[in-house]
Amino acid sequence: MTRFEWRGGPAELRFEDVLAPVELRHEEGDLFAAEVEMPPRLRVTYHFADADGEEHADPSNPAGAGPNRSIFTTPDLEPQPHWPVVGPDEVLDVPSLRIRWTGALGRKTVRVHQGGEPVVLLLDGDDWMYAHPALAAFESAVKNGEMPPATLVFLPTPRDRAAEYSSPELWQAIRDELLPLLARNDVAVDLSRFVVAGQSLGGLSAFRAALDFPDLVTRVACQSGSFWWARDLPDRGLSLDGPAGGDTAERLSALPDLSGLRVAFDVGEHEPRMHRHCSAVEELAAQAGAAVRVNRSPSGHDRAGWRHALVRDVAWLLS
């Protein structure tokens, strides 16, 4: 059992994806607590929600993920290499190069860390800048000799992730607008070493970009890709109950030639409803000739688990 404590008033303990919320019991004074049986091999993001709905990081836990989230790791797991422990009050360094991108998708601000020749495009870049210290993690991996120095491009999280990440218009705009804009800012993209990384709907988008734009995207790091997505399902295709692999598996079943594609797949051990969808796409991609690497992380649908896979898989794609 793991004990969680909160001081200040009634509150609820909430976990990212894996566990149901837990109401804290009052013990004495302003102390509220709960004992939770945690499953083995789990790294999970969590927070306290007070009676007013305000969200708070755990003041007793030094491992934060932004200002109002904490990260818990069961004792049977090793620390994630390269990712420093940062508290919820720490302000992370962000790349100094800021590019204004105005085009078919509206106005976006793209941050760029100019580290080396290969370019890595990180979808949902806001999370990797402000909540999880991706810049420090990649620099650590480079210093450790696990990957070459790379330029990191942090694409901001869209307002409507489902709409933008399920449409090929994003990648048409990246090809026709963003890459020339990067070049004008002295960031040249060698497409033979261009890596795209995404998680959840971002993972779906990154992989489908390789199908829609094979001359643009040939190296993909995909964590917990939302391959359940299908256009003809209710609620704009947002359902895990449809056919395994959704529209992506249907496209792959035609066995296109993917011999020029390298893709690293990862999905959490603790998100079992995702497994049949991810496995279907993994298998069909390999059958179509792609160089495929598959891993399972000790987490749920959670960036706390995707962190290690992100650096590890980008390093593999650049090897």
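This is a short talk on the overall build of one protein chain, its two cavities and one loop residue.

Okay, thanks everyone. One thing before I start: what you see is a predicted model.

Let's begin with the whole chain. Its secondary structure comes to nine helices and 16 strands. The radius of gyration is 20 Å, close to the 20 Å that the globule rule gives for 319 residues, so the chain is as compact as a globular protein of that length. If you box up the C-alpha atoms along the principal axes, you get roughly 65 × 45 × 40 Å.

How much of the chain is buried? Of the 319 residues, 56% count as buried. As for contacts, take those with a separation of 6 or more: 73% of them join residues 24 or more positions apart. On the outside, the accessible surface comes to about 14,000 Å², and carbon and sulfur atoms hold 48% of that.

Now for the holes. Searching the whole structure for cavities of 30 Å³ or more turns up two. The largest holds about 60 Å³ of space. Its lining is made of Y165, S166, S167, P168, W171, S205, R208, A209, D212 and F213. Which element gives the most to that lining? That's helix α5, residues 201-212, with four residues. Sorted by class, the lining has five nonpolar, three polar and two charged residues.

The second largest cavity has about 30 Å³ of space. Around it you'll find D93, V94, P95, W128, M129, H132, P133, A134, L135 and F154. The elements giving two or more residues to this lining are α1 (125-130) and α2 (134-143). By class, the lining of this second largest cavity divides into eight nonpolar residues, one polar and one charged.

Last stop, R41. You'll find R41 in the loop between β5 (31-36) and β6 (43-50). So is R41 buried or exposed? Somewhere in between: its relative accessibility is 36%, and because partly exposed covers the range between under 20% and over 50%, that is where R41 falls.

What does R41 touch, leaving out residues up to four places away in sequence? The list is T74, D76, L77, E269, H270, P298 and S299. Have a look at P298 on the screen: R41 and P298 are 257 residues apart in sequence, yet their C-alpha atoms are 5.3 Å apart in space.

That's it from me. Happy to take questions.

Key. Residues are numbered from 1 along each chain as its sequence is written. This is a predicted model: local features need pLDDT of at least 70, side-chain atom pairs count only at pLDDT 80 or more; totals for chains, interfaces and linings use all residues. Side-chain values use heavy atoms; hydrogens and water are left out. On a 1 Å grid over the protein atoms alone, a cavity is a set of points where a 1.4 Å probe fits but cannot get out, and a pocket is an open set with protein on both sides within 12 Å along at least five of seven lines; lining residues have an atom within 4 Å of a point. Grid points are joined across faces, edges and corners, and a volume is the space filled by probe spheres set on the points. Ala, Val, Leu, Ile, Met, Phe, Trp, Tyr, Cys and Pro count as nonpolar, Asp, Glu, Lys and Arg as charged, and the others, Gly among them, as polar. The radius of gyration is taken over C-alpha atoms; the globule rule is 2.2 Å times the number of residues to the power 0.38. Buried means under 20% relative accessible area, exposed over 50%, partly exposed in between (1.4 Å probe, protein chains only). Contact means heavy atoms within 4.5 Å. Accessible areas come from the Shrake-Rupley method with a 1.4 Å probe; for residues, only the protein chains shown count as cover.
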